[in-house]
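Me: Please choose one part of this model and look at it closely with me. I would like one connected explanation that also places the part within its surroundings.

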Amino acid sequence: MSQQALHNAKEMVAREKLEFGIDETAPRWWYENNPYKSRLIDAIQAAFPDGERYFISSVRPFRDQITDPVLKEEVKTFIRQEGQHGIVHSRYNQLLRDRGLDVDAITGFIKWIDSFHTKNFSKEYNLALTCAFEHFTAMLAETFFEKKETMAGADPNFRAMLAWHAVEEMEHKAVAYDVMQKVAKVGYFKRNAAMVHVILFLTYLSLRFTNTLLKGDGFSFGQRMWMTVKCQWWLYGPKGIISSRFGSLFSYFKPGFHPWQQAAIHNYDAWLQTYERTGDPIAAGDALYRAAY
Ligand SMILES: [Fe+2]
Ligand SMILES: [Fe+2]
């Protein structure tokens with residue numbers, strides 16, 4: 001699917017009441033049975049429900065000023081999609097909580113920092129922070145689903161949940177950005193200052209809260225530090241899941257950047273067609289995974 005075809009409000013669908021069959025039978029460490037890798041992604045996803053409420057609340061103050069009917073419609077779908085993501089990730093958070101993990105340390109911190117940002121920064125800067133976060137979530141699809149080997153050792157149900165979220169993030173990746181540029185008129189410096197802010201924030205969040213969750217799993221301080229060191233290669237080595245995205249990530253700093261300059265992942269159609277045919281997000285997640293390189 002071309003970027004142009006993807007950039008069509010009709011393609012942005014808020015899919016609701018999805019079931020991923022993730023319950024108490026789910027593996028504790030769903031990613032390659034690796035505690036560090038599983039908990040790193042768990043820590044980031046634990047921040048989604050409150051984070052996504054913040055994204056919605058930072059777009060809302062500009063809604064009345066939007067005159068373009070297409071953008072108005074896109075904002076509506078963006079809000080519905082983010083709302084659904086929040087519901088599904090809250091359910092997964094409850095499972096982590098039931099397993100004795102301190103998820104509330106993460107959600108409490110996110111609530112606090114969101115209200116700090118809202119109170120202390122302008123609504124334009126808050127929207128710029130949202131756009132920077134949205135650039136990261138837009139990269140979820142390429143990070144986890146472009147190459148088959150990345151998700152080969154993942155639990156299929158969790159993989160499907162992440163696939164659905166990644167697909168919808170790709171679909172609405174330009175919505176907040178268009179509001180920022182066309183309505184809030186945020187300039188180059190503020191947009192990029194917000195991105196630096198978000199890079200530092202996500203680094204801090206992931207290091208601190210992966211450690212919190214691993215503590216809940218019963219690992220000692222020494223074991224947690226060793227796992228952290230060992231997994232840096234997976235993150236930042238030559239084929240690291242983060243380092244191999246540096247090109248996409250840093251393109252945000254280019255003057256004239258727009259999210260639609262980056263194409264959708266090649267296997268997006270496989271997810272879309274399977275979901276349209278079956279209405280089953282687990283089958284769609286499986287199709288996305290199988291169609292990866
Ligand atoms: Fe989302
Ligand atoms: Fe999003």
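Reply: What follows begins with confidence, then turns to one pair of helices, the core around them and some single residues.

Residues are numbered from 1 along each chain as its sequence is written, while chains are lettered from A and ligands numbered from 1 in the order in which they are written. This is a predicted model, in which local features need pLDDT of at least 70 and side-chain atom pairs count only at pLDDT 80 or more, whereas totals for chains, interfaces and linings use all residues.

The protein chain has a mean pLDDT (the predictor's confidence in each residue, from 0 to 100) of 94, and 97% of its residues reach 70 or more. Among the elements of the chain, the highest mean pLDDT, 98, belongs to helix α6 (residues 123-138), and the lowest, 48, to helix α1 (residues 3-6); helices here are DSSP runs (H or I, at least four residues), numbered from the N terminus. Over residues 1-5 pLDDT stays under 50, and for this stretch the model has seven contacts beyond four places in sequence; a contact means that two C-beta atoms, placed from the backbone, lie within 7 Å. Where pLDDT is low, the predicted coordinates should not be read in detail.

The part chosen for a close look is the packing of helix α9 (residues 156-171) on helix α16 (residues 281-290), whose axes are 8 Å apart and meet at an angle of about 85°. These axes are lines fitted to C-alpha atoms over the stretch in contact, and angles run from 0 to 180 degrees between N-to-C directions. The two helices α9 and α16 are therefore roughly perpendicular to each other, a label given to angles of 65 to 115 degrees, with under 35 called roughly parallel, over 145 roughly antiparallel and the rest oblique.

On the α9 side, the contact is made by Pro156, Asn157, Arg159, Ala160, Ala163 and Trp164, and on the α16 side by Pro281, Ile282, Ala284, Gly285, Asp286, Leu288 and Tyr289. Sorted by class, the contact of α9 with α16 has nine nonpolar, two polar and two charged residues, where Ala, Val, Leu, Ile, Met, Phe, Trp, Tyr, Cys and Pro are nonpolar, Asp, Glu, Lys and Arg charged, and the others, Gly among them, polar.

From this contact we can move to the largest nonpolar core, which has 48 residues, of which Phe145, Ala163, Ala166, Val167 and Trp271 touch the most other members. Such a core joins buried nonpolar residues, Pro not included, through C-beta atoms within 7 Å, and buried means that 20 or more other C-beta atoms lie within 10 Å, exposed that 12 or fewer do, and partly exposed anything in between. Two or more residues of this core come from each of α2 (35-46), α4 (69-98), α5 (103-120), α7 (140-145), α9, α11, α15 (268-278) and α16, and the largest share, nine residues, comes from α9. Trp271 touches Ala163 and Val167 as well as Ala284, Ala287 and Leu288, not counting residues up to four places away in sequence. Apart from this core lies another, of 24 residues, including Tyr54, Val183, Met195 and Tyr252.

Helix α2 can be followed through Gln45, which has its place there and is buried, with 21 other C-beta atoms within 10 Å. The C-alpha atoms of Gln45 and Leu162 are separated by 9.2 Å, although the two residues are 117 residues apart along the chain, and, leaving aside neighbours within four places in sequence, Gln45 is in contact with His89 and Tyr92.

In helix α11 (residues 188-216) we find Ser206, which is partly exposed, with 18 other C-beta atoms within 10 Å. With neighbours within four places left aside, Ser206 is in contact with Leu40, Ala43 and Ile44. Leu207, also in α11, is exposed, with 12 other C-beta atoms within 10 Å, and its C-alpha atom is 8.0 Å from that of Leu40, a residue 167 residues away in sequence.

Two loop residues complete the tour. Asn33, in the loop between α1 and α2, has a positive phi near 55° although it is not glycine, and with 12 other C-beta atoms within 10 Å it is exposed. Lys185, in the loop between α10 (175-183) and α11, also has a positive phi, of about 55°, and it is exposed, with 9 other C-beta atoms within 10 Å.
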